[in-house]
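Hello,

Here is the structure I promised to pass on to you. Please have a look at it first, and then read my notes below.

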Amino acid sequence: MLPSQALLPAVVFALTALQALASDTFIAAVYEHAVILPDPTKEPVSPGNALALMNKNMDVLEGAIKEAAQQGAHIIVTPEDGIYGWQFTRESIYPYLEDIPDPVVNWIPCTDPSRFGPAPVQERLSCMARNYSIYVVANIGDKKPCDSSDPDCPRDGRYQYNTDVVFDTQGKLVARYHKYNLFRGETQFNYPKEPEAVTFDTPFGKFGIITCFDILFYEPAVVLVSKMQVDTVLFPTAWMNVLPFLTAVEFHSAWAMGMGVNLLSANTHNTSMAMTGNGLFTPEGPAAYHYDSATEEGRLLLAELSVHPRLSPTYPPAINWSLYATSIKEFSGENNTFSGAVRKDIFTFSELRHKDGNYTVCQGDLCCHLVYQMSNRSEDEVYVLGAFDGLHGSLIKYHWQICTLLKCPSTNLSTCGQPVETAQTKFEMFSLSGTFGTSYVFPEVLYSGVQLAPGEFEVLRDGCLKSKHGTSKPLITATLFGRFYEKDQPHPLRISM
């Protein structure tokens, strides 16, 4: 006898949970969404018009969620700003916000939608999770009233937060995270008073959640991994690609490798704003990724991941990121240096003048070492070894230490550091290392056409980034991207308006 419709979600959940408990792996999905944007306005639209726009985006997201569930996914992550878009003022975003309670209230919006006031977006997301028996991760806006007894209360009497929510297979709200590190231009939102380290347990591992710009900071990103010991980080993002080091798939893959966790990265898709690149990343490299700057279409990705990656026999060993470089007194070779800008950061560069060689470049406390051999050097292409040790950023400043083997856009050395997506030169081998003052270093290798190089490089325990068997495709950059969190400036005050 078939179960009744009312019991079906519970039956499916039980089967899914048993399957997950019996396995060392789970199936994860991320969806890169081409967001339907509202018309720009400084004035608030009606709540009905706001909900109509959000329902259009949720129609698309529901199609992706349904497809992921049909393919066996246990969890799906959707992007930051994926339900209402961006380019809001503080006032104009208000009709899109809902009151999102603390998950301790044990609430299933799908079955009790009015418990905390009008919540049509949470209700619909909850029902998607419940109807398709899949964990759903989404990004929406939270509003919280405040009054004059709170000295930080904004003038309009409310806090507004960029917020991630997670619903389990029953549709219950199990996690709520308020973004702590707001990117410039997010003046419609407030910082929470304290950074939140949000985790939740599932039958297929322990999860943490952060949003976009958060990934570059100690709190909450490193705290989740190092102190909370999560297995997987959920990452809704609206990432604007910035070559040569901060392209979405490039940096997110490197971060997962450097931190030793799974990272489920769901990006928005908007080519006019250079937003693309989603992926399912592991400590060993990308399980699946997608980068598409040519079309306007979204993309669903699925992959089977380890429930507890730290227990995997292939889990990378601990790395001393400065051991090899600090053991070298001096490399021979031509080390004439010059300055060049990567955006506003002034690097110290040295041109690789020959098809093979040994080079050293230093800046501040960082010395970068390179041994290389080009296999088919193109005469009209120039590569450099670069070093940067200093603060980056505007509103929020943070400290980088970067060693990079980098292709220049032209033979004019003044262009070195500017974005470039294509190359012709391959390398027979390269070995890159640096005297890093931090243990948080992220290894990146990017090929022509903004393609990753899974399985084609390794990081030795002494901190040396090496090609395995030569590069199979022309190289754009090989980089060791270090974050010296201890030198970061204090987090700025929350935005109060």
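**The nonpolar cores**

I215 is a good place to begin: leaving out residues up to four places away in sequence, I215 touches I210, A221, F235, W239, F251, H252, W255 and L263. Please keep in mind that this is a predicted model.

I215 also belongs to the largest nonpolar core, which has 87 residues. The members that touch the most other members are I76, I83, L125, I215, F251, W255 and F442. Helix 2 (residues 47-70) provides the largest share of this core, nine residues. Both domain 1 (25-311) and domain 2 (322-487) give residues to the core, so it lies between them. There is also a second, separate core of 29 residues, with M374, A423, L432 and V459 among them.

**The two largest pockets**

How much space lies in the largest pocket? It holds about 860 Å³. Its lining is made up of 32 residues, and F183, R184, F213, A238 and M240 are the ones nearest its centre. Sorted by class, the lining has 17 nonpolar, eight charged and seven polar residues. Domain 1 (25-311) and domain 2 (322-487) each contribute at least three residues to the lining of the largest pocket.

The second largest pocket has about 630 Å³ of space. It is lined by 34 residues, and those closest to its centre are M257, G258, P283, P316 and I319. Here the classes come to 20 nonpolar, nine polar and five charged residues. This lining, too, takes at least three residues from each of domain 1 (25-311) and domain 2 (322-487).

Which element gives the most to the lining of the second largest pocket? That is helix 5, with six residues. Helix 4 (218-227), helix 5 (248-259), strand 11 (285-290), strand 20 (441-447) and strand 22 (457-459) each supply at least two residues.

**A residue in a loop**

One more spot to look up is T268, in the loop between strand 9 (262-267) and strand 10 (278-282). Is T268 buried or exposed? T268 is buried, because its relative accessible area is 0%, and the cut-off for buried is under 20%. Setting aside neighbours within four places in sequence, T268 is in contact with E32, H33, V35, P79, E80, W86, T237, A238, W239, M275 and T276. Two of these names appear above as well: A238 is one of the residues nearest the centre of the largest pocket, and W239 is touched by I215.

Enjoy exploring it!

Best wishes

Note on methods
Residues are numbered from 1 along each chain as its sequence is written. This is a predicted model: local features need pLDDT of at least 70, side-chain atom pairs count only at pLDDT 80 or more; totals for chains, interfaces and linings use all residues. Side-chain values use heavy atoms; hydrogens and water are left out. On a 1 Å grid over the protein atoms alone, a cavity is a set of points where a 1.4 Å probe fits but cannot get out, and a pocket is an open set with protein on both sides within 12 Å along at least five of seven lines; lining residues have an atom within 4 Å of a point. Grid points are joined across faces, edges and corners, and a volume is the space filled by probe spheres set on the points. Ala, Val, Leu, Ile, Met, Phe, Trp, Tyr, Cys and Pro count as nonpolar, Asp, Glu, Lys and Arg as charged, and the others, Gly among them, as polar. Domain bounds come from an automatic or database domain assignment. Helices (H or I, at least four residues) and strands (E, at least two) are DSSP runs, numbered from the N terminus. Buried means under 20% relative accessible area, exposed over 50%, partly exposed in between (1.4 Å probe, protein chains only). Contact means heavy atoms within 4.5 Å. A nonpolar core is a set of buried Ala, Val, Leu, Ile, Met, Phe, Trp, Tyr and Cys residues joined through side-chain atoms within 4.5 Å.
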